[in-house]
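Here are a few exercises to work through with the structure open beside you. Take them in order, and try each one before reading its solution.

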Amino acid sequence: VPIRTCCGCCFCSSDKGTIMLEPNIVRIDTNTNGTIDNNINNILCPNDKVTMGLRCKNESVIDVKDIRIQLEETIQWKSDRNRTEQCKNRSVETNLRLGLRYIQTQMPELEKITNLQLLQQIRRQRRGHYTETPMNNDESTEERRQVSFVVSPNIHDTFQGKLISVSHILSVTIETDGCCTTNPESCTEIAIRQQRQPNSSSYVATAAPFMRSFLPG
């Protein structure tokens with residue numbers, strides 16, 4: 001994700017390099033079915049212990065101050081089926097922060113590069129000599145860090161009806177230092193059900209994460 005900052009009072013962006021982020025769910029420890037090593041359908045249950053793998057790399061001149069993992073629930077409802085959406089309620093069911101101390105001691109790959117290194121990188125890009133190693137490549141030297149969280153016991157089932165819908169998003173955000181600086185974020189749709197049914201084809205969520213970046217308000 002390109003990292004940019006706002007220059008003064010005008011909204012001109014200034015390139016500061018890139019930060020790469022690749023999260024995925026590597027293991028789920030459940031109270032009933034033991035351990036699930038391959039959560040193909042992205043299905044979670046209340047009280048599941050979820051272990052995520054994070055592979056990151058900072059190739060920008062901006063400091064990383066935190067990594068936030070959130071499981072967000074959105075409930076939408078209408079007064080009748082012929083009207084537009086009337087109300088929406090968002091709640092964060094999981095809010096895990098790794099903290100600056102953890103990043104500084106456990107994730108050296110997030111240490112910023114120097115201005116000279118950024119300049120050399122830009123020159124190589126312009127000459128066509130710069131190639132990035134894909135983060136999902138097995139040859140990537142970036143280590144995958146593992147962090148865990150527990151799904152809230154009060155979370156609702158994912159549901160899509162004519163008048164009411166309940167959806168869930170699992171997001172990982174890298175928070176950068178400075179005012180008006182890009183915060184890379186990866187989001188994945190998650191399905192929540194009260195009980196996990198083996199070999200069930202229902203409740204299939206979108207497994208592929210989508211990336212977004214934003215300037216904090």
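Contact here means heavy atoms within 4.5 Å. Keep in mind that this is a predicted model.

**Exercise 1. Work out which residues Arg-145 touches, and whether Arg-145 is buried or exposed.**

Step 1: Locate the residue. Arg-145 lies in strand β8.

Step 2: List its neighbours, skipping residues up to four places away in sequence. Arg-145 touches Met-52, Gly-53, Leu-54, Tyr-102, Gln-106, Met-107, Pro-108 and Glu-109.

Step 3: Pick out polar contacts. The side chains of Arg-145 and Glu-109 are joined by a polar contact of 2.8 Å. A polar atom of the Arg-145 side chain also lies 3.1 Å from the backbone oxygen of Gln-106.

Step 4: Check the accessibility. The cut-off for buried is under 20% relative accessible area. Arg-145 has 14%, so it counts as buried.

**Exercise 2. Describe how the side chains are arranged along β8.**

Step 1: Recall the general pattern. In a regular strand, side chains alternate between the two faces of the sheet.

Step 2: Sort the residues. Arg-145, Val-147 and Phe-149 point to one face and are buried. Gln-146, Ser-148 and Val-150 point to the other face and are not buried.

**Exercise 3. Find how β5 and β8 run relative to each other, and how many bridges join them.**

Step 1: Trace the pairing. β5 and β8 run antiparallel and are joined by six bridges.

Step 2: Match up partners. Leu-54 has Arg-145 in β8 as its bridge partner, while Val-50 stands opposite Phe-149.

Step 3: Look at the surroundings of β5. Ten of its twelve residues are buried, so β5 is largely enclosed by the rest of the structure.

**Exercise 4. Identify the residues with the most contacts inside the largest nonpolar core, and the strands that supply it.**

Step 1: Start from the general tendency. Nonpolar side chains tend to be buried together in soluble globular proteins.

Step 2: Name the residues. The largest nonpolar core has 28 residues, and those with the most contacts inside it are Met-52, Leu-54, Cys-56, Ile-67, Ile-69 and Leu-170.

Step 3: Name the strands. At least two residues of this core come from each of β2 (13-29), β5 (49-60), β6 (64-77), β8 (145-150), β10 (164-176) and β11 (183-192).

Step 4: Follow one residue outward. Beyond its neighbours within four places in sequence, Met-52 is in contact with residues including Pro-23, Val-26, Ile-69, Val-147, Phe-149 and Leu-170.

**Exercise 5. Decide whether Ile-190 and Val-92 are buried or exposed, or something in between.**

Step 1: Take Ile-190, which lies in strand β11. Its relative accessibility is 3%, so Ile-190 counts as buried. Its C-alpha atom is 6.5 Å from that of Leu-170, 20 residues apart along the chain.

Step 2: Take Val-92, which lies in strand β7 (residues 87-97). At 42% relative accessibility, Val-92 counts as partly exposed. Leaving out residues up to four places away in sequence, Val-92 touches Gln-70, Leu-71 and Glu-72.

**Exercise 6. State how many disulfides the whole structure has, and whether Cys-45 and Cys-56 are buried or exposed.**

Step 1: Search for disulfides. The whole structure has zero.

Step 2: Check the cysteines. Cys-45 is buried at 5% relative accessibility, and Cys-56 is buried at 0%.

Methods: Residues numbered from 1 in each chain as written. Predicted model: local features only at pLDDT ≥ 70, side-chain atom pairs only at ≥ 80, totals over all residues. Heavy atoms only, no water. Core = buried A, V, L, I, M, F, W, Y, C linked by side-chain atoms within 4.5 Å. Buried < 20%, exposed > 50% of the residue type's maximum accessible area, 1.4 Å probe, protein only. Helix = DSSP H or I, 4+ residues; strand = E, 2+ residues; numbered from the N terminus. Disulfide = S-S within 2.5 Å. Pairing = 2+ DSSP bridges. Polar contact = N/O pair within 3.5 Å; in protein donor to acceptor, adjacent residues only side chain to side chain.
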